[in-house]
Amino acid sequence: MSSRRSRQSSSSRISDDQITDLVSKLRQHLPEIRDRRRSDKVPASKVLQETCNHIKNLHQEVDNLSERLSQLLSTIDPDSPEAAIIRSLI
Amino acid sequence: MKNPQRSPTNPGSLRSRFTQVFLQSLLRIRKHNPTSSSSSSHGEFLKRCRRVKVAAYVSMARAVGTRRAWSRATLWRARNGERQRNLLYGRCSKSNSRERSLGKRKRKKKKKKKRDNEEHSFGHAKKLQKLVPGGEAMDFCCLLDETAHYIKCLITQVKVMRSIADFYSL
């Protein structure tokens with residue numbers, strides 16, 4: 001029945017074109033898929049899966065880096081670091 | 001992807017805004033949790049770790065501002081003092097619009113039909129909703145759009161955090 005469609009988002013049915021556009025935008029950020037030659041044939045579900053994995057990996061990296069930073073926190077000299085770091089990073 | 005390390009970039013860029021806010025947060029954490037490395041207990045260490053982690057996400061959300069739904073969700077959660085873990089992983093235990101946006105779909109194994117691509121996408125989109133802050137309230141298009149921006153910001157966040165950690169490891 002068409003009851004499933006009526007439960008979709010309040011606006012009209014999302015077109016495939018819109019999805020394709022957004023998915024290709026996501027693809028730009030995923031190194032694994034970007035490097036593949038036949039990038040046109042990657043299905044949306046695969047892209048979403050890779051996106052989820054990528055986000056999980058990034059969260060994990062943030063975890064590890066937070067741990068490292070909190071260990072190093074005691075070594076931070078409060079007086080001069082800010083300006084120096086910002087200059088070197090930016 | 002270029003990585004301009006020493007060349008001056010836009011001082012108002014996301015990267016520099018995040019760096020400033022995050023460094024301020026780090027100094028604040030250090031001030032409120034003054035411990036020497038050897039005498040602090042493991043529990044204290046974990047607390048500090050969590051604070052640094054939350055500070056990183058909140059700093060990035062503040063650098064982005066309120067123009068993105070995911071950053072608004074992060075800032076809202078931080079202000080409302082929900083459990084830190086929910087903030088970090090975008091989990092919202094009792095969200096009102098939890099599944100309404102993408103429709104209530106049970107995960108059924110379907111044969112390959114024309115709609116299959118879309119429904120596969122919705123299955124994965126549920127997982128994505130949980131990973132992106134504020135994702136539960138977004139429809140599919142917004143979710144993809146916000147996700148792209150969120151990933152870009154996460155990558156910047158990781159790079160800056162790594163630079164700071166490397167800087168102090170020397």
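## Exercises on a two-chain helical model

Of the 90 residues in chain A, 40% are buried, where buried means under 20% relative accessible area, exposed over 50% and partly exposed in between (1.4 Å probe, protein chains only). This is a predicted model, so local features need pLDDT of at least 70 and side-chain atom pairs count only at pLDDT 80 or more, while totals for chains, interfaces and linings use all residues. Residues are numbered from 1 along each chain as its sequence is written, chains are lettered from A in the order in which they are written, and side-chain values use heavy atoms, with hydrogens and water left out.

**Exercise 1.** Work out the secondary structure of each chain.

*Solution.* Start with the rule: helices (H or I, at least four residues) and strands (E, at least two) are DSSP runs, numbered from the N terminus. Chain A then gives five helices and zero strands. Chain B gives six helices and zero strands. Now go back to burial for chain B: 49% of its 170 residues are buried.

**Exercise 2.** Find which residues and helices build the largest nonpolar core.

*Solution.* First, the term: a nonpolar core is a set of buried Ala, Val, Leu, Ile, Met, Phe, Trp, Tyr and Cys residues joined through side-chain atoms within 4.5 Å. The largest one holds 50 residues, and those touching the most other members are I55(A), F22(B), L128(B), L144(B), M161(B) and I164(B). Next, look for elements that give two or more residues: chain A offers α2 (16–29) and α4 (44–72), and chain B offers α1 (14–32), α2 (42–64), α5 (116–131) and α6 (140–169). The largest share, 15 residues, comes from α6(B).

Then zoom in on M161(B). Taking contact as heavy atoms within 4.5 Å and skipping residues up to four places away in sequence, M161(B) touches V62(A), L65(A), S66(A) and L69(A) from chain A, plus F18(B), F22(B) and A56(B) from chain B.

**Exercise 3.** Classify the ring pair F167(B) and Y168(B).

*Solution.* Rings of Phe, Tyr and Trp (its six-membered ring) pair if their centres lie within 6.5 Å; planes under 30 degrees apart count as stacked, over 60 as edge-to-face and the rest as tilted. A search of the whole structure turns up three aromatic pairs over all chains. For F167(B) and Y168(B), the centres sit 5.3 Å apart and the planes make 85°, so this pair is edge-to-face. Finally, check burial: F167(B) is partly exposed at 34% relative accessible area, whereas Y168(B), at 14%, counts as buried.
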